[in-house]
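Please open the model in your viewer and keep the selection panel at hand. This tour goes from stop to stop, telling you what to select and what you will find there.

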Amino acid sequence: MGRVFVTGDIHANAYQIRQVIHQIDNPQSDDIIIICGDAGFEYQEYNMGQAKREARKFPGKWIVLRGNHDSRYWKEHGANEDQLDKGWHYEWYNQNCYLVQDKYPNIYYLPDAGCIYQIQDYNILFIPGAYSVDKNYRQLMGYPWNPDEQLTEDEKIEFELMLREWLDNFDIDFVIGHTFPMKMQPYYEDLFLPGLNQATVDKSMEHWLDYIASIYETVPSFKHYFGGHFHDDRVLTDKYTMLYHNVEDLADYVKE
C-alpha cells in the first residue's frame, strides 16, 4: 500500500510542485499527496495548465482540498453526472468519489463542502475554505475572488451532522483543513499582514472550527491536524501543524 503525504499551499506554482515531488523519496504510483487548500489549479476564470502539467509528472495521485484561493471545482464542473462539463468525470477510488479532469487523471478534487474519506488506512476529515484577507484589494484590482470561498451556514450544519453520524460507527485519524481553529491563533499571529486591522477580518470559519475541534479532539484515534493558509511551516502544538513548503508523511504520526 502506498504512502500518504500532505503539503501546504501550492498556488499553481509549477516550481513549488516540483519541490514537493523532490521531497518524496522514490515516488511510486500508489503514493498520494494531499494539498491542504489553495492548490490554485483553477481560480475563477484562471485555469493553470502549466501547474497541472507539472503535477501530472508525479507517478501517484494528488488529492486537492479547496482553499480560499480555489474555485469550487465540483460546482464549476457539475454537481452531478448529468451536469458534468465535457472533459471531466467522477471517479471512485477506494470507495470515495472524486472529481477528475480527463487531461490530468492523477489530480483528484475533493467535494466542495468537505467530507470524511478513507485514504489508504487513514480516516481523514477534510475541512475546506477560509476568508481571503486580500478580498478588498482583489475586488478593487479586478483580480479573481470567490464569493463562496468559505462554508455557508447550511454547509456547516450539514458538516457537523456528517461528522457526528460518522463518529457513531467509525474513528477519525487525521483532520486536514485549510485554516485553523481560532484557539491556534496565538501560535501564528506574527504572520498577520502588517497594517491590516484584524477587526476587519472575517474569522467566523476559525471560530466554528473551535466548535468542530471540540468534537474530533475527544476521539481517541485523532492523531493530528494539518492546515495551510498562513504561508509558513511550523509546529503549532503537538496536535497541530502548519504547512507551506514542507511535506509530511502521515505514517510518521502513527508510530508508537
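The stops below cover two sheets, the helices that lie on them, a pair of rings and a pocket in this predicted model.

**Stop 1: the sheet of seven strands.** Begin by selecting the seven strands that form an open sheet, which follow one another in the order β6-β7-β8-β5-β2-β1-β15 with mixed pairing. At the edges you will find β6 (88-93) and β15 (247-249), and because each has a single partner strand, one side of each is left without a neighbour in the sheet. If you look along the sheet, you can follow a twist that averages 30 degrees from one strand to the next.

Now keep β6 and add strand β7 (residues 96-101), which runs antiparallel to β6 and is joined to it by six bridges. Within these two strands, select Tyr 90, and you will see that Leu 99 in β7 stands opposite.

**Stop 2: a helix on this sheet.** Next, select helix α1 (residues 14-22), which lies across β1 (4-7), β2 (32-35), β5 (61-64) and β15, and whose direction makes about 120 degrees with that of β5.

**Stop 3: a pair of rings.** The structure holds 20 aromatic pairs. One of them is formed by Tyr 98 and Tyr 117, which meet edge-to-face, with 5.3 Å from centre to centre and 80 degrees between the planes. Select both residues together with their strands, since the pair links distant parts of the chain: Tyr 98 belongs to strand β7 and Tyr 117 to strand β9 (residues 115-119), 19 residues apart.

**Stop 4: the sheet of six strands.** From β9 you can move on to an open sheet of six strands, ordered β9-β10-β11-β12-β14-β13 and again mixed in its pairing. Here β9 and β13 (234-235) stand at the edges with a single partner strand each, so one side of each has no neighbour in the sheet.

Inside this sheet, select strand β12 (residues 224-227) and strand β14 (residues 240-242), which run parallel and are joined by three bridges. Tyr 225 has Tyr 240, in β14, as its bridge partner.

Then add helix α5 (residues 153-167), which lies across β9 and β10 (122-127) and runs at about 165 degrees to β10. Helix α6 (residues 204-216) also packs on the sheet, where it touches β10, β11 (174-177), β12 and β14, at about 155 degrees to the direction of β10.

**Stop 5: the largest pocket.** Which residues lie closest to the centre of the largest pocket? The pocket holds about 390 Å³ of space, and of the 22 residues that line it, Tyr 131, Val 133, Leu 193, His 229 and Phe 230 are the closest to its centre. By class, the lining has nine nonpolar, eight polar and five charged residues.

Technical notes:
Residues are numbered from 1 along each chain as its sequence is written. This is a predicted model: local features need pLDDT of at least 70, side-chain atom pairs count only at pLDDT 80 or more; totals for chains, interfaces and linings use all residues. Side-chain values use heavy atoms; hydrogens and water are left out. On a 1 Å grid over the protein atoms alone, a cavity is a set of points where a 1.4 Å probe fits but cannot get out, and a pocket is an open set with protein on both sides within 12 Å along at least five of seven lines; lining residues have an atom within 4 Å of a point. Grid points are joined across faces, edges and corners, and a volume is the space filled by probe spheres set on the points. Ala, Val, Leu, Ile, Met, Phe, Trp, Tyr, Cys and Pro count as nonpolar, Asp, Glu, Lys and Arg as charged, and the others, Gly among them, as polar. Two strands pair if DSSP finds at least two bridges between them. Helices (H or I, at least four residues) and strands (E, at least two) are DSSP runs, numbered from the N terminus. Axes are lines fitted to C-alpha atoms, for helices over the stretch in contact, and angles run from 0 to 180 degrees between N-to-C directions. Contact means heavy atoms within 4.5 Å. Rings of Phe, Tyr and Trp (its six-membered ring) pair if their centres lie within 6.5 Å; planes under 30 degrees apart count as stacked, over 60 as edge-to-face and the rest as tilted.
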